[in-house]
Amino acid sequence: MFRRTLMASVAVTMLGAVSAHAQTIGFSQIGSESGWRAAETTVTLQEAERRGIDLRFSDAQQRQENQIAAMRSFIAQGVDAILVAPVVATGWDSVLEEAAEAEIPVVLLDRMVDSSPDLYLTAVGSDLVHEGRVAGEWLVEAVNGADCRVVELQGTTGSSPAIDRKNGFEQGIAGADNIQIVRSQTGDFTRTRGKEVMESFLQAENGGADICALYAHNDDMAVGAIQAIKEAGLKPGEDILVVSIDAVPDIFLALAAGEANATVELTPNMAGPAFDALEAYFADGTLPEKFIQTESRLYTQADDPAAQYEGRKDLGY
Ligand code: AHR
């Protein structure tokens, strides 16, 4: 059904059934596992308010079943559209089909699903593979040919950023035989787990003496790991290089203190492009690109991290 409604010709028919402006939008957020997630929630709420949208917010506490229940509730309420940040990549077909049957467009935020793209209107996110590749390439340059044993803190198992950032990093270091990932485990994108898993890495790697670098799939895990490295009597940023992803304020504090080395930015403003796409869709049936890509850039200690911190500290992280 939705496969048809998303075709331009039929989309116009669908428009007749709803208002020209999406008044009521359901948002199923993953939870609040990281500073970045908190900022994405804040930005989404602010953008909705600014545009006069009635945003119905649901926090899934990291559980996919809660997200699916929230989406079913939004469908039952007859919302005009649904935003969802999918915690994992698999298991969305049924609920997306239900939304399609109800002719409610769904927009994915920041993470991808393995369902047919016909089942959602668009996805707003970064190139997650590229982010990992940028981190890997930074490390290749930073170690300049020296042997380097890397430990990796992965994001939530089964989530698209964990899968793609791992692949991207491996692509970034491919061809650098001096760099080896020696340990890799999930830290679930949280500070607490990042610290705990780093403690186990340090213990297993000669108190950390055998570790040259940490690659963390987000800054929060890196911040937790930095604490573990310090408690082990080592200097993060010097004894163990630290590269991660998100560009949250706390990683800029760590960069300014010389305790982290690089981060790849992920903008928390996914909602702006999502609401723009929905507005155009409801106005005249304009179908957005299936993937609306946000920018990612690398920050290092050379990028005035103290100023970056000041610029971001009040943005809801
Ligand atoms: O999906 C984006 C990732 O989810 C962010 O990098 C991470 O901090 C968050 O938990």
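This briefing describes two sheets and some of the helices of the structure above.

The model is a predicted one, in which local features need pLDDT of at least 70, side-chain atom pairs count only at pLDDT 80 or more, and totals for chains, interfaces and linings use all residues. Residues are numbered from 1 along each chain as its sequence is written, and side-chain values use heavy atoms, with hydrogens and water left out. Helices (H or I, at least four residues) and strands (E, at least two) are DSSP runs numbered from the N terminus, and two strands pair if DSSP finds at least two bridges between them.

**The parallel sheet**

- An open sheet of six strands, with parallel pairing, follows the order β2-β1-β3-β4-β5-β11.
- Its edge strands are β2 (54–59) and β11 (291–293), each of which pairs on one side only, and the twist from one strand to the next averages 20 degrees, where axes are lines fitted to C-alpha atoms (for helices over the stretch in contact) and angles run from 0 to 180 degrees between N-to-C directions.
- Six bridges pair β2 in the parallel sense with strand β1 (residues 24–29), and T24 stands opposite D54 in β2.
- Helix α11 (residues 271–284) lies across β1, β2, β3 (81–84), β4 (106–109), β5 (122–125) and β11, and runs at about 160 degrees to β3, contact meaning heavy atoms within 4.5 Å.

**The mixed sheet**

- Six strands form an open sheet of mixed pairing in the order β7-β6-β8-β9-β10-β12.
- Because β7 (179–186) and β12 (298–300) stand at the edges with a single partner strand each, one side of each is left without a neighbour in the sheet; the twist averages 20 degrees from one strand to the next.
- Strands β8 (residues 213–216) and β9 (residues 241–246) run parallel and are joined by three bridges, with Y215 opposite V243 in β9.

**Helices α3 and α5**

- Helix α3 (residues 35–50) has 16 residues that should span 22 Å at 1.5 Å a residue, which agrees with the 22 Å between its end C-alpha atoms; the expected span is 1.5 Å times one less than the number of residues.
- Among the buried residues of α3 are W36, R37, E40 and E47, where buried means under 20% relative accessible area, exposed over 50%, and partly exposed in between (1.4 Å probe, protein chains only).
- Just after α3, G52 takes a positive phi of about 70 degrees.
- In helix α5 (residues 93–101), V95, L96, A99 and A100 are buried; seen down the axis of α5, its buried residues fall within an arc of 145 degrees, so they line one face of the helix, the arc being that of the directions from the helix axis to the C-beta atoms.
- E103, which follows α5, has a positive phi near 60 degrees.
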